[in-house]
Amino acid sequence: MRFVTLLSAIAVSSSSWTMMSAAFSSLQTPFVRKASSLSMSASDDSSTITIGIFGGGTVGGGIVGILDKKSDYIKQLTGGKNVKIKSICVRDSKKKRDFDIPEGCTVTTDYDDILNDSSIDVVVEVMGGTTDAKDIIYSAIKKGKAVVTANKALIAAYLPEIQEKLDEMGDDAPEFRYEAAVCGGIPIIRSLQQDFPGDDISMISGIINGCTNYMLTGMDQKGMSYDEVLDEASKLGYAEADPTLDVGGFDARSKLRILMRLAFGVDVDEEDIACDGITDLTKIDFEYAKMMGGTIKLIGVAKTTTDAENVAAFVSPCYVTNSDPLATVNGATNAVEIISSNLQSSTYIGQGAGRYPTANSCINDIVTLASGQKTKQPFNPESKSKKFVQDYDSVFYIRISYRDGLGITRNLGEVCEKFGVSIHSILQNPITSKDDAGFVVITEKVPLSNIKKTCAELEECDWCNGEVFYMPVLREDWVSN
Ligand SMILES: NC(=O)c1ccc[n+]([C@@H]2O[C@H](COP(=O)([O-])OP(=O)(O)OC[C@H]3O[C@@H](n4cnc5c(N)ncnc54)[C@H](OP(=O)(O)O)[C@@H]3O)[C@@H](O)[C@H]2O)c1
């Protein structure tokens, strides 16, 4: 066992390319112009794609605005197609909207006004939820209407059922597109559908929740406390109404579940994915991370197991070295890195939420539909052999709070040995209180299940104060270099 007070970070090299997705800066203010270019009446004209939108909120308003602004360009791009919004369905049709309703477009509260309108080719679902939205999408598929949705919660919960509904339609299955559902404006779905047919992905990892990344950046760079930074994130509109979805890691887990299916062909009940949020992180963890030459990010990871036979996944705060492509992704920005045999490391960075980044992805889907492009397998083919496994191997960071006394390191070593945990190094800040001291253990690569047993037994030791905190180190080769 080695004692160190400073562990220098080992650079993880990767030939990465980075795609910066610029937000629609010219569209960041609410719309005040009249959307005259979309004001056409219903028609059978094959040069018109008629859409009905469920939801006139943040994303819905963005879609209306972009379609108005870019209609001429979209027409050129699609060989002369007009994209016309015929109807927008909302909860409250009297509510004042922060965008202009296109001329000739009706605002309704009746789902059937869109679903039973045979002139509507595309249903855009941006209302959210998993009950009515599910019925709407299933009904649209059954009626042969193409679907564009931003609803990650729905897809994460019902992906196999959605596939079933599409399969039931056979050759008449309509297009199902959902670029906006994962990481808002980053074209990660399209990339996973199109760019890796000749490649083998071994890991997909990402900062896929903007609120928590904003919070961790504040804790790391400004030394803010968890409560201070959550308050700031809420005021800036980065947190969900119930921030548990963000800070508990559940929003990231829904996105990871979708990415995992696309990258590995593996389906999983999202609740089976290990999910630790950021609530147990403290300022001390950031001090240790700095000492080691890195930082902490909430990351969703899906990776092949050591024997490459199966796939493990988790959402957790992770220690990342400063040389990692994900380490410098700060604020509410999202990033996804894909490691694969041919391309090695490909990193996508951009805006993961917000009106225009998210609406931009919906527009891309609509334009793709209008151009007549088809996606036979919207979720990529299912793997014939790989399965999801809950346990995963990683290097771990373990923080232990203790009352100082004799024999603690011997006892620590015994417990670690009992569960096959090899200690790489131990870090300790100077002790200021003998009753409330702390140290951090970095392990060698070990299964999560062994770490859980080790931590549970350490918590039983009479010198241990409270719960033992652990998190994975993102790159397991970090300790062996
Ligand atoms: N906002 C983002 O940055 C973002 C990013 C990625 C994905 N998404 C996804 O996009 C979807 C929409 O998000 P949002 O932020 O645009 O939500 P939002 O601002 O709350 O807007 C929701 C809209 O849907 C309407 N609506 C809700 N329930 C309805 C119902 N039962 N019947 C009819 N209309 C209903 C609401 O009508 P009223 O206005 O009348 O209440 C509202 O216009 C969600 O699935 C979300 O997860 C959002």
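**Entry 1: a loop residue**

I began in the loop between β10 and β11 (311-321), where I found Ala-308. The model is a predicted one, and I kept that in mind throughout. Ala-308 is not a glycine, yet its phi is positive, about 60°. Most residues other than glycine have a negative phi. Is Ala-308 buried or exposed? I counted 11 other C-beta atoms within 10 Å, and 12 or fewer counts as exposed, so Ala-308 is exposed.

I then looked up Asn-380, in the loop between α11 (355-370) and β14 (388-389). Phi of Asn-380 is also positive, near 65°, and this residue is not a glycine. Asn-380 has 17 C-beta neighbours inside 10 Å and counts as partly exposed.

**Entry 2: the whole chain**

I stepped back to take in the protein chain. It holds 13 helices and 19 strands. There are 481 residues, and 46% of them are buried. I also checked how far apart in sequence the contacts reach. Taking contacts between residues at least 6 apart in sequence, 78% join residues at least 24 apart.

**Entry 3: the nonpolar core**

Which residues have the most contacts inside the largest nonpolar core? I found Ile-63 and Cys-362, in a core of 135 residues. I followed Ile-63 outward. Leaving aside residues up to four places away in sequence, Ile-63 touches Ile-53, Val-124 and Val-126. Ile-63 also touches Ala-359, Cys-362 and Ile-363.

**Entry 4: the parallel sheet**

I traced an open sheet of 6 strands next. Its order is β4-β3-β2-β5-β6-β7, and the pairing is parallel. Which strands stand at the edges? They are β4 (106-108) and β7 (176-177). Each has a single partner strand, so one side of each is left without a neighbour in the sheet.

Inside this sheet I looked at strand β2 (residues 48-54) and strand β3 (residues 82-89). They pair in the parallel sense over 7 bridges. Ile-51 has Ile-85 in β3 as its bridge partner. Helix α1 (residues 58-77) packs on the sheet and touches β2, β3 and β5 (122-125). The direction of α1 makes about 165° with that of β3.

**Entry 5: antiparallel strands**

I turned to strand β8 (residues 201-207). Of its 7 residues, 5 are buried, so by the 20-neighbour cut-off the strand is mostly covered. β8 pairs with strand β12 (residues 333-340) in the antiparallel sense, over 6 bridges. Ser-205 stands opposite Glu-337 in β12. β8 also runs antiparallel to strand β10 (residues 294-304), with 4 bridges between them. There Gly-206 has Gly-300 as its bridge partner.

From β12 I moved on to strand β13 (residues 344-351). A hairpin joins β12 to β13 through 3 residues. The two run antiparallel, joined by 8 bridges. Glu-337 turned up again, opposite Thr-347 in β13. β13 is mostly covered as well, with 6 of its 8 residues buried.

**Entry 6: helix pairs**

Two packed helices are described by the angle between their axes and the distance between the axes. I looked up both for helix α3 (residues 132-142) and helix α4 (residues 152-168). The angle is about 20°, and the axes are 11 Å apart. That makes α3 roughly parallel to α4. Their crossing is right-handed. On the α3 side I noted Ala-133, Lys-134, Tyr-138 and Ile-141, which meet Leu-154, Tyr-158, Lys-165 and Leu-166 in α4.

What did α4 do with helix α9 (residues 250-264)? Their axes come within 9 Å and cross at roughly 55°. The pair is therefore oblique. This crossing is left-handed. Lys-152, Ala-153, Ile-155, Ala-156 and Leu-159 are the α4 residues here. They meet Ser-254, Lys-255, Arg-257, Ile-258 and Arg-261 in α9.

**Entry 7: a proline in a loop**

I closed with Pro-243, in the loop between α7 (226-235) and α8 (244-247). Pro-243 is partly exposed, with 18 other C-beta atoms within 10 Å. Which residues does Pro-243 touch, not counting those up to four places away in sequence? I found Cys-211, Leu-230 and Ser-234. Cys-211 is 32 residues from Pro-243 in sequence. In space the two are 8.7 Å apart, C-alpha to C-alpha.

Key
Residues numbered from 1 in each chain as written. Predicted model: local features only at pLDDT ≥ 70, side-chain atom pairs only at ≥ 80, totals over all residues. Core = buried A, V, L, I, M, F, W, Y, C linked by C-beta atoms within 7 Å. Contact = placed C-beta atoms within 7 Å. Pairing = 2+ DSSP bridges. Axes fitted to C-alpha atoms, helices over the stretch in contact; angles between N-to-C directions. Parallel < 35°, antiparallel > 145°, perpendicular 65-115°, else oblique. Left-handed = near helix turned anticlockwise from the far one by under 90°.
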